[in-house]
Protein chains: 2
Amino acid sequence: MTRSELFAQIQQKSSFLCVGLDPDLEKIPRHLLAEPDPIFSFCKAIIEETADFAVAYKPNIAFFEALGAKGWETLARVEELIPDDIFTIADAKRGDIGNTSKLYAKAFFETMDFDSITVAPYMGKDSVSPFLEFENKWVILLALTSNAGSSDFQLIQDESGQPLYKSVLAKSQEWGSPENLMYVVGATRGELIGEVRKSAPEHFFLVPGVGAQGGSLSEVAKYGMNSTCGLLVNSSRGIIYASGEKDFAKVARREAEKLQVEMKSLLEQYL
Amino acid sequence: MTRSELFAQIQQKSSFLCVGLDPDLEKIPRHLLAEPDPIFSFCKAIIEETADFAVAYKPNIAFFEALGAKGWETLARVEELIPDDIFTIADAKRGDIGNTSKLYAKAFFETMDFDSITVAPYMGKDSVSPFLEFENKWVILLALTSNAGSSDFQLIQDESGQPLYKSVLAKSQEWGSPENLMYVVGATRGELIGEVRKSAPEHFFLVPGVGAQGGSLSEVAKYGMNSTCGLLVNSSRGIIYASGEKDFAKVARREAEKLQVEMKSLLEQYL
C-alpha cells in the first residue's frame, strides 16, 4: 500500500485507528475454545466488527508464534482475511544481518502479504535496508517506545546531547523515505511526540500505548499530526478484550467506534 | 543447561564450536530436494556428522520462518533431534514489551525446548527480563555485532565517552548473571573483543563472524577467553555449505573437525 492510499483510507473513514490483534488463548471468550481454531475465530469476529472504523490491523506476532507451527498457519489465515484496502502491520520487531533480514522480509512480505513490519534498529543500516527493497512495503522502525525500559538506552545522550532515538531518526532517514518508512513512537510520552515530529516531519508514526497503556489520544494528535495525518494510533486490549463474553465482537465494535468518533473530531481540528 | 554443564561439554570435546544452521533451499545440495522435508534432511545430516565437534547448534530462525508454518514445524523437529547435552541457540533476535517478550520466551523455551535465544536490547529491561525468568535458560543479548551496520548505533558515545554497546553490557548485568546471560560479540572487530571482555569478565560470548565473515579464531581466543572458556564461536556457511554435493555432510564434518583441532590447541594455550 502506498502513502497516498493510506491517507485516502484515513480520510474516507475519518479514522487513524489501528486495531492490535494480541489473541491470547487465556483471554479470549471461553465459548470460542470449542471452535476448531479459536484464535482464528476470535480474530475474524474482531476484524469483521471493527473494519468500518480501523485503517490498520496489527497482529502481534509473538501471540501466534507462542503456538508454534499451528500459530503460524493461523497468522497466515488472519492476514488473508483482512480487507485489502486496510493496512496490515506484522508487529514482529525483527532485525538481523543483511542476508537474514532479507529472509524475514520474505517471510512477512512474500510468504505472507503484510504491508509492513516493525523492525528494531540496534544492528544498523544493513539490518533495516533489506526490508526497504520491497515495492509498496514498509518498515516501521522502533524509535521511542512506550514501555518502562525505553529509557534504558533510547534516551542516552551522545556527546552533542542528542538522545539515541534521535540518532535512529536521523540516520534511518538516509535509508528510507516517508513513502516506505514509519516510526514507532510511544504515546505514554506525550511531550516527546512533538520532539519526534520535529525530527521526522513527514513520516507516519505508529503510536502504541493509547488506552490500556495510559496515553492520551488528544495529546498524540496535538503534538503528532501532520498534513497527511501522519499517525496510526494503536489500541489492542482496550478493544479486543473490552468484553470477555459472547458479545465480545459487538463490544469491540463499540470501543473502536468510540475511538473513531474522537479521531474524526481531531482530524477536523488539526488537518 | 547450566554454565557448568556447558563448560564440562567444552572440556570433554576440547571445542567451543557452535555450528550455525542457516538452511537455504537455494543452497542445499540439489539431491535433497527429492526428500519430503529437504531442510530437515539437510540439518539432520549436518548435525549427525558434526555433533562430535560441536558444543552448540544455532538455528537461524529467519531461514525457517521464511517457509511459513511448514518451516516452523521443521524447526521444532530440528531442535528435537539435537542431542540433549549440546547447547541450543534460537537465533531469533527477539525483544518487545514485557507481556510480548514473555510469549516469545514461551515460544522458544516451552513450545520448543531451546536452551537460549538471542535478544535485541533496544527496548530495555522489561523487554529482556521475561526471558531471564526461565530456569536453566539463557538470554544471548546483542552487544557488539559483526555486521557493517553495527557502527551506526552501537559505537555512539555518550556524554562520558562510553559507547552504546558498553551501556548495554553495564545495564544488562543488573538484570542477569553469568549463569543466564551471554552476549553476542562480533569477531570481525578482534581488537574490540578484549574491550568487551573487560566489561564482562565472566560472561560467555557468542562470537559470529569467524570464517565467511572474516574473523580470526586465534585473535578471538587471545582477547576473549576466560577461565571457563567463555566463548562459543559460531561458523555457519563455512561448515554447512563447504560442499554443495552429495558429500556435503562428510565435508561439513571435516570443516568442523578442523576448527575443533584449532580450538583444542587454543584451549590448551589459554585455559
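Two strands count as paired if DSSP finds at least two bridges between them. The model shown here is predicted, and the tour begins with a pairing of this kind.

**Stop 1: the barrel of chain A**

Select strand 1 (residues 17-21) and strand 8 (residues 231-235) of chain A. These two strands are joined by 3 bridges and run in the parallel sense. Within the pair, display A:Leu17: the residue opposite is A:Val233, in strand 8 of chain A. While strand 8 is still highlighted, add helix 10 (residues 217-224) of chain A, which packs on the sheet and touches strand 7 (205-207) and strand 8 of chain A. The direction of helix 10 makes about 165 degrees with that of strand 8 of chain A.

Now extend the selection to the strands of the whole barrel. In chain A, 8 strands close into a barrel in the order 1-2-3-4-5-6-7-8, and the pairing is parallel. From one strand to the next, the twist averages 30 degrees.

**Stop 2: helices 2 and 4 of chain A**

Next, select helix 2 (residues 38-50) and helix 4 (residues 69-81) of chain A. Their axes come within 10 Å and cross at roughly 15 degrees. An angle under 35 degrees counts as roughly parallel, and helix 2 and helix 4 of chain A are therefore described as roughly parallel to each other. Helix 2 of chain A passes helix 4 of chain A in a right-handed crossing.

Which residues should be drawn as sticks to show how helix 2 of chain A meets helix 4 of chain A? From helix 2, choose A:Ile39, A:Phe40, A:Cys43, A:Lys44 and A:Ile47; from helix 4, choose A:Thr74, A:Arg77, A:Val78 and A:Leu81. Coloured by class, this contact of helix 2 with helix 4 of chain A shows 6 nonpolar, 1 polar and 2 charged residues.

**Stop 3: helices 8 and 9 of chain A**

Remain in chain A and move to helix 8 (residues 164-172) and helix 9 (residues 190-199). The axes of these helices come within 10 Å, with a crossing angle of roughly 30 degrees. Helix 8 and helix 9 of chain A are therefore roughly parallel to each other, and their crossing is right-handed. On the helix 8 side of chain A, select A:Tyr165, A:Lys166 and A:Leu169; they meet A:Leu192, A:Glu195, A:Val196 and A:Ser199 in helix 9. The residues of this contact in chain A divide into 4 nonpolar, 1 polar and 2 charged.

**Stop 4: from chain A to chain B**

Display both chains. What rotation superposes chain B on chain A? The rotation is 180 degrees, with 0.0 Å of shift along its axis, and the RMSD is 0.0 Å. This is the relation of a two-fold axis. The same surface serves both copies, as 98% of the contact residues of chain B recur in chain A.

**Stop 5: the barrel of chain B**

Hide chain A and select the strands of chain B. They include a closed barrel of 8 strands, running 1-2-3-4-5-6-7-8 with parallel pairing. The twist in this barrel averages 30 degrees from one strand to the next.

For a closer view, take strand 6 (residues 181-185) and strand 7 (residues 205-207) of chain B, which run parallel and are joined by 2 bridges. Label B:Tyr183, whose bridge partner in strand 7 of chain B is B:Phe205.

Then add helix 1 (residues 3-13) of chain B. Helix 1 lies across strand 2 (54-59), strand 3 (87-94), strand 5 (138-144), strand 6 and strand 8 (231-235) of chain B. Relative to strand 2 of chain B, helix 1 runs at about 120 degrees.

**Stop 6: helices 8 and 9 of chain B**

Finally, select helix 8 (residues 164-172) and helix 9 (residues 190-199) of chain B, whose axes come within 10 Å and cross at roughly 30 degrees. Helix 8 of chain B passes helix 9 of chain B in a right-handed crossing. To display the contact, select B:Tyr165, B:Lys166 and B:Leu169 in helix 8, which meet B:Leu192, B:Glu195, B:Val196 and B:Ser199 in helix 9. By class, this contact in chain B has 4 nonpolar, 1 polar and 2 charged residues.

How values were computed
Residues are numbered from 1 along each chain as its sequence is written. Chains are lettered from A and ligands numbered from 1 in the order in which they are written. This is a predicted model: local features need pLDDT of at least 70, side-chain atom pairs count only at pLDDT 80 or more; totals for chains, interfaces and linings use all residues. Side-chain values use heavy atoms; hydrogens and water are left out. Axes are lines fitted to C-alpha atoms, for helices over the stretch in contact, and angles run from 0 to 180 degrees between N-to-C directions. Helices (H or I, at least four residues) and strands (E, at least two) are DSSP runs, numbered from the N terminus. A crossing is left-handed if the near helix is turned anticlockwise from the far one by less than a right angle, and right-handed if clockwise. Contact means heavy atoms within 4.5 Å. Ala, Val, Leu, Ile, Met, Phe, Trp, Tyr, Cys and Pro count as nonpolar, Asp, Glu, Lys and Arg as charged, and the others, Gly among them, as polar. Copies are superposed by least squares on the C-alpha atoms of residues with pLDDT of at least 70 in both. Angles under 35 degrees count as roughly parallel, over 145 as roughly antiparallel, 65 to 115 as roughly perpendicular and the rest as oblique.
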